[in-house]
Amino acid sequence: MNPKVGIFWFYEGKIIFFHAVPLDVGERYGDAITGVKDHADYWEELRCEGKLNALDEPLRDEYFSIPRGRVVYRSDTNSFFVYHGNNVKKKDLRKVASFFNLPKEKTIFEQDLHYCDFDDSEWKLFF
């Protein structure tokens, strides 16, 4: 199976929503190849299709209400990066890598503040 790049949401031990494409379909940004959808726009597509009904009501409001991340390929390092927040467990990251068909020896898991879940007091540490 060929590796893919894209976005995902993780909920209750599984990838609940995703948009993944093969590398040759991904969008190039310098040395990176990423998926063709972003979380905010794709969340709205999921809402319009009624797929957000799989979530409890309060979780349907915002795309950042459940753990999410992005898989990117970096040609300069010949590596796949799984960018994720502080709310995704290590065992769940392995599920993401398997789902996107990422080669173990070329996959790097990197926490990214963009995907982290902070309360107001934690944000004050950064500003």
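## Strand β1 and its partners

In this predicted model, F8 stands opposite G69 in β5. The two strands involved, β1 and β5, pair in the antiparallel sense, with four bridges between them. β1 also pairs with β2; these strands run antiparallel and are joined by eight bridges. One of the residues with a bridge partner in β2 is K4, whose partner is P22.

β1 and β2 form a hairpin, with two residues between the strands. E12 lies in the turn and has a positive phi of about 50°. Burial is extensive along β1, where seven of the eight residues are buried.

## Nonpolar cores

The largest nonpolar core contains 16 residues. Those with the most contacts inside this core are V5, F8, V71, V82, V96, F100 and L102. Two or more residues come from each of β1 (4–11), β2 (14–22), β5 (68–74), β6 (79–84) and α2 (90–99). A second core, separate from the largest one, has 12 residues, including I7, F17, L46 and L55.

F100 touches a run of residues at the start of the chain and in β1: N2, P3, K4, V5, G6, I7 and F8. A20 and V71 are also touched by F100. These contacts leave out residues up to four places away in sequence.

## Helix α1

Helix α1 spans residues 39–48, and H39, Y42, W43 and L46 are buried in it. Around the axis these residues cover an arc of only 110°, which puts them on the same side of α1. The buried residues of α1 pack against β1, β2 and β5.

S65 is in the loop between α1 and β5. With a relative accessibility of 28%, S65 counts as partly exposed. Beyond four places in sequence, S65 touches W43 and L59; W43 is one of the buried residues of α1. S65 and W9 are 56 residues apart in sequence, and their C-alpha atoms are 9.6 Å apart in space.

## Helix α2 and the crossover

What is the handedness of the β-α-β crossover from β6 through α2 to β7? The crossover is right-handed. The two strands that it connects, β6 and β7 (residues 107–111), pair in the parallel sense over five bridges. F80 has T107 as its bridge partner in β7.

In α2, the buried residues are D92, L93, V96 and A97. Seen down the helix axis they fall within an arc of 150°, so they line one face of α2. The elements covering these buried residues include β1, β2, β5, β6 and β7. N101 follows α2 and has a positive phi, near 55°.

## H84 in strand β6

H84 belongs to strand β6. Its relative accessibility is 7%, so H84 counts as buried. Leaving aside neighbours within four places in sequence, H84 is in contact with R68, G69, L93, F109, E110, Q111, D112 and Y115. Among these contacts, L93 is a buried residue of α2, and G69 is the residue in β5 that stands opposite F8.

## Aromatic pairs

How many aromatic pairs does a search of the whole structure find? The search gives 10. One of the pairs is formed by Y63 and F64, whose ring centres are 5.3 Å apart. The planes of these two rings are at 80°, so the pair is edge-to-face. Both residues are partly exposed: Y63 has a relative accessible area of 22%, and F64 has a relative accessible area of 48%.

F81 and Y83 have their ring centres 5.7 Å apart, and the planes lie at 10°, so this pair is stacked. Are F81 and Y83 buried or exposed? F81 counts as buried at 11% relative accessibility, and Y83 is also buried, with a relative accessible area of 16%.

Ring pairs also link F8, F18, F99 and F100 into a cluster. Within this cluster, F8 and F100 are among the residues with the most contacts inside the largest nonpolar core. F8 and F100 also touch each other.

Definitions and conventions: Residues are numbered from 1 along each chain as its sequence is written. This is a predicted model: local features need pLDDT of at least 70, side-chain atom pairs count only at pLDDT 80 or more; totals for chains, interfaces and linings use all residues. Side-chain values use heavy atoms; hydrogens and water are left out. A nonpolar core is a set of buried Ala, Val, Leu, Ile, Met, Phe, Trp, Tyr and Cys residues joined through side-chain atoms within 4.5 Å. Buried means under 20% relative accessible area, exposed over 50%, partly exposed in between (1.4 Å probe, protein chains only). Contact means heavy atoms within 4.5 Å. Two strands pair if DSSP finds at least two bridges between them. A crossover is right-handed if, with the strands pointing away from the viewer, the path from the first strand over the helix to the second runs clockwise. Rings of Phe, Tyr and Trp (its six-membered ring) pair if their centres lie within 6.5 Å; planes under 30 degrees apart count as stacked, over 60 as edge-to-face and the rest as tilted. The arc is that of the directions from the helix axis to the C-beta atoms.
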